[in-house]
Amino acid sequence: YYPNKQKLISYQLKKDQLMRNLKISSKYIVVQIKTVKVNGTIEPLNPSLMLKSIQYFKDKDYQVIFAGREKFPENFMNEGVIDYANSKFVSAINDFILVGNSSLVISSASGFCSIAECFDKPLLITNAHHISHYSGRRTIYLPTLLSRKSKLFNAKIQHQYLCTYGPDCGYDAFKDMYILHMPTSEEILAASKELEKMLSVQIPPLSILQKKICDKGDCPLLLEDLSRIANNFLEKHEKFYN
């Protein structure tokens, strides 16, 4: 049930004005990143890792809009990305309008991504270390994996650390904790292509591997929600989920 979707029509005039102000003239995607350690971000993702995915959607005639409240990445400047986040038009209601009328959203783990889920929008969440805890049925999760030098992690252990030590999974509590893996440019691109399939009315079923990981029940957060971890990512890191 998505009551916010029904309210978009009430903002048609504001939408038309926002599109003119931002020079949005075609279908578009929204991109948001975190530039500091906060929320679900242990270490900010290098914005250059987004460029292949941005180019992929540009080649399919999507405009790309940078949203949130973060500083516009320098390496986005030559990519034709529209900087809404630092424009004079940025506001809570325009966030609502912008996301609500987008095709899909690529976001960090933050409150911003919840706007997309409220609209049942295809959403890719990148570089989040909470394993997975998003409820959106069109949400794909691309996690950051953690470990300790004294104890090799898997998904179940990382989840236990989240429950025991709080949102940063104890990252600041243990000197030997480190980032085992952050999403790569290729993984983000593969997940973006998987996300594109969420544009269809019929939501694609879980892959054999996605269903296998969920059915194992080792990571409770994967069982509580409708989101899924990117299939390509699971193929490359299946050992972590076993």
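This is a tutorial dialogue on reading the sheet, a helix, the core and the salt bridges of a predicted model.

User: In which order do the strands of the open sheet lie, and which of them are the edge strands?

Analyst: An open sheet is read strand by strand, from one edge to the other. Here seven strands follow the order β3-β2-β1-β4-β5-β6-β9, with parallel pairing, and the edge strands are β3 and β9, each of which pairs on one side only. Within this sheet, β1 and β4 run parallel and are joined by three bridges, and Ile 29 stands opposite Leu 104 in β4.

User: Which strands does α7 lie across, and at what angle does it run to β6?

Analyst: The helix α7 lies across β4, β5, β6 and β9, and its direction makes an angle of about 170 degrees with that of β6.

User: Which residues of helix α3 are buried, and what do they pack against?

Analyst: For a helix, one lists the buried positions and then asks how they are placed around the axis. In α3, which spans residues 51-58, the buried residues are Ser 53, Ile 54, Tyr 56 and Phe 57. Because they cover an arc of only 155 degrees around the axis, they are on the same side of α3. Their packing partners are β1, β2, β4 and α7, the last of these being the helix that also lies across β4, β5, β6 and β9.

User: How many residues has the largest nonpolar core, and which have the most contacts inside it?

Analyst: The largest nonpolar core has 74 residues, and Leu 98 and Tyr 241 are those with the most contacts inside it. If neighbours within four places in sequence are left aside, the contacts of Tyr 241 are Pro 143, Leu 145, Ala 155, Ile 213, Lys 216, Ile 229, Phe 233 and Leu 234.

User: Is Phe 112 buried or exposed, and which residues is it in contact with?

Analyst: Phe 112, which has its place in helix α5, counts as buried because its relative accessibility is 11%, and the cut-off for that class is under 20%. Leaving aside neighbours within four places in sequence, Phe 112 is in contact with Val 30, Gln 32, Ala 67, Gly 68, Val 99, Val 105 and Ser 107. As for Leu 142, the C-alpha atoms of Phe 112 and Leu 142 are 16 Å apart in space, with the two positions 30 residues apart in sequence.

User: How many salt bridges does the whole structure have, and which parts does the pair of Arg 69 and Asp 95 tie together?

Analyst: Side chains of opposite charge can pair when their charged atoms come close. A search of the whole structure finds twelve salt bridges. One of them joins Arg 69 to Asp 95, with the closest N and O atoms 2.9 Å apart. Since Arg 69 lies in the loop between β2 and β3 and Asp 95 in helix α4, the pair ties together parts that are 26 residues apart in sequence. Arg 69 is partly exposed, at a relative accessible area of 45%, whereas Asp 95 is buried, at 8%.

User: Where do Lys 236 and Glu 187 lie, and which residues are linked in a network of salt bridges?

Analyst: Lys 236 and Glu 187 meet through their side chains in a salt bridge of 3.2 Å, N to O. This pair links distant parts of the chain, with Lys 236 in helix α10 and Glu 187 in helix α7, 49 residues apart. Lys 236 is partly exposed, with a relative accessible area of 47%, while Glu 187 counts as buried at 1% relative accessibility. The network links Asp 120, Arg 137 and Arg 138, and within it Arg 138 forms a salt bridge with Asp 120, the closest N and O atoms being 3.2 Å apart. Both Arg 138 and Asp 120 are buried.

Conventions
Residues are numbered from 1 along each chain as its sequence is written. This is a predicted model: local features need pLDDT of at least 70, side-chain atom pairs count only at pLDDT 80 or more; totals for chains, interfaces and linings use all residues. Side-chain values use heavy atoms; hydrogens and water are left out. A nonpolar core is a set of buried Ala, Val, Leu, Ile, Met, Phe, Trp, Tyr and Cys residues joined through side-chain atoms within 4.5 Å. Buried means under 20% relative accessible area, exposed over 50%, partly exposed in between (1.4 Å probe, protein chains only). Contact means heavy atoms within 4.5 Å. Helices (H or I, at least four residues) and strands (E, at least two) are DSSP runs, numbered from the N terminus. The arc is that of the directions from the helix axis to the C-beta atoms. A salt bridge is a side-chain nitrogen of Lys or Arg within 4 Å of a carboxyl oxygen of Asp or Glu. Two strands pair if DSSP finds at least two bridges between them. Axes are lines fitted to C-alpha atoms, for helices over the stretch in contact, and angles run from 0 to 180 degrees between N-to-C directions.
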